[in-house]
Amino acid sequence: MINSISNRQVKEILKLQKQPKYRRSTGLFVAEGLKMLTEAAENGCLVKLYISGTVAGKDNERLEKLCMSCSFETVTDNIFKQLSDTVTTQGVLGIIKQPSYNITDILNCKKHMWLLLDNIQDPGNLGTIMRTAEGAGMSAVIMGKGTADLFNPKTVRSTMGAIFRMPFIYTDDITETIKIIKNKGFNIYGAAMEGSKAYDQADYTKGAGIVIGNEANGISGRVLGYVTEKIHIPMEGKLESLNAAVAAAVIMYEAARQKRGCINISLHNYNK
């Protein structure tokens with residue numbers, strides 16, 4: 001049983017939790033909880049488990065199954081508390097391989113619906129956006145330089161497992177990716193306060209890219225110059241803007257609604 005904060009494995013976990021550069025260099029991250037770790041195991045990403053002494057002594061069928069999927073260590077409750085990034089812990093965490101995707105596959109996906117993030121900086125927003133993108137049926141999330149680290153512990157928790165199911169990629173120059181999507185014949189809609197068209201008046205039925213900008217400053221001027229059209233979300237009252245994750249959800253679900261309607265019309269015509 002690991003009982004020292006000076007243990008090499010303990011130091012490794014703490015580095016993975018606190019240092020984005022170390023996460024990038026190793027291709028690993030840390031997550032907690034049975035649900036998240038079970039998904040990691042099912043996707044072949046779970047490297048090693050760490051279990052608190054109290055939890056290890058309990059009869060838990062799900063945990064026993066997890067322990068069969070990879071190597072594991074028990075840790076004293078006191079050390080585990082220092083490793084845990086959550087207030088109420090389930091007493092189990094794991095080191096996980098970061099999922100990775102090929103930009104070519106992402107751009108050649110069948111759904112042709114991309115969410116592009118320009119410098120989203122809040123970890124919780126990013127995690128919520130990933131989770132919502134899966135629910136709305138987006139093809140992938142493409143993150144520009146300056147966007148928060150997807151493998152930040154807070155972000156990982158906010159994804160609720162979507163991190164293993166929603167394709168994503170980081171790009172050093174998001175405008176280059178936008179140009180590729182436009183060259184394929186798809187429109188790029190940028191969410192902006194001064195948008196010329198309401199978000200629900202844009203046509204997403206043939207596929208599109210949707211750009212969401214920084215929480216405080218919106219889409220950068222450089223990126224905005226490459227969008228096909230700026231769109232806005234009409235608001236009543238004295239509000240000037242919505243939270244970035246909320247705005248992304250509103251637009252993504254409108255796109256999903258339009259895509260469903262298009263499919264239903266096609267099926268109706270086919271059955272005539």
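Which side chains meet in a salt bridge at 2.9 Å, N to O? The side chains of Glu-39 and Lys-35 do. The model shown in these views is predicted, with local features requiring pLDDT of at least 70 and side-chain atom pairs counted only at pLDDT 80 or more, while totals for chains, interfaces and linings use all residues. Residues are numbered from 1 along each chain as its sequence is written, and side-chain values use heavy atoms, with hydrogens and water left out.

**View 1. The Glu-39 and Lys-35 salt bridge in helix H3.** A salt bridge is taken as a side-chain nitrogen of Lys or Arg within 4 Å of a carboxyl oxygen of Asp or Glu, and a search of the whole structure by this criterion finds 12. Glu-39 and Lys-35 both belong to helix H3 (residues 34-42), where they sit four residues apart, about one turn of the helix; helices (H or I, at least four residues) and strands (E, at least two) are DSSP runs, numbered from the N terminus. Glu-39 is buried, at 12% relative accessible area, whereas Lys-35 is partly exposed at 44% (buried means under 20% relative accessible area, exposed over 50%, and partly exposed in between, with a 1.4 Å probe and protein chains only).

**View 2. A salt bridge between Asp-173 and Arg-222.** The closing distance of this pair is 3.0 Å, N to O. Asp-173 lies in the loop between strand E7 (168-171) and helix H10 (174-183), and Arg-222 in helix H11 (residues 221-224), so the pair ties together parts that are 49 residues apart in sequence. Asp-173 is partly exposed, with a relative accessibility of 23%.

**View 3. The Glu-254 and Arg-257 salt bridge in helix H12.** The closest N and O atoms of Glu-254 and Arg-257 are 2.7 Å apart, and both residues lie in helix H12 (residues 244-271), three residues apart, about one turn of the helix. Glu-254 is buried at 8% relative accessibility, while Arg-257 is partly exposed at 44%. Elsewhere, salt bridges that share partners join Lys-35, Glu-39, Glu-134 and Arg-165 into one network.

**View 4. The largest nonpolar core.** A nonpolar core is a set of buried Ala, Val, Leu, Ile, Met, Phe, Trp, Tyr and Cys residues joined through side-chain atoms within 4.5 Å. The largest has 53 residues, of which Ile-96, Leu-115, Leu-117, Val-141, Tyr-204, Ile-210 and Ile-212 touch the most other members, and its largest share, seven residues, comes from H12. A second, separate core of 18 residues includes Ile-174, Ile-178, Ile-188 and Val-211.

**View 5. Two loop residues with positive phi, His-112 and Asn-119.** Most residues other than glycine have a negative phi. His-112, in the loop between helix H7 (103-107) and strand E5 (113-118), has a phi near 60° and is partly exposed at 26% relative accessible area. Asn-119, in the loop between E5 and helix H8 (123-135), has a phi near 65° and is partly exposed at 23%.
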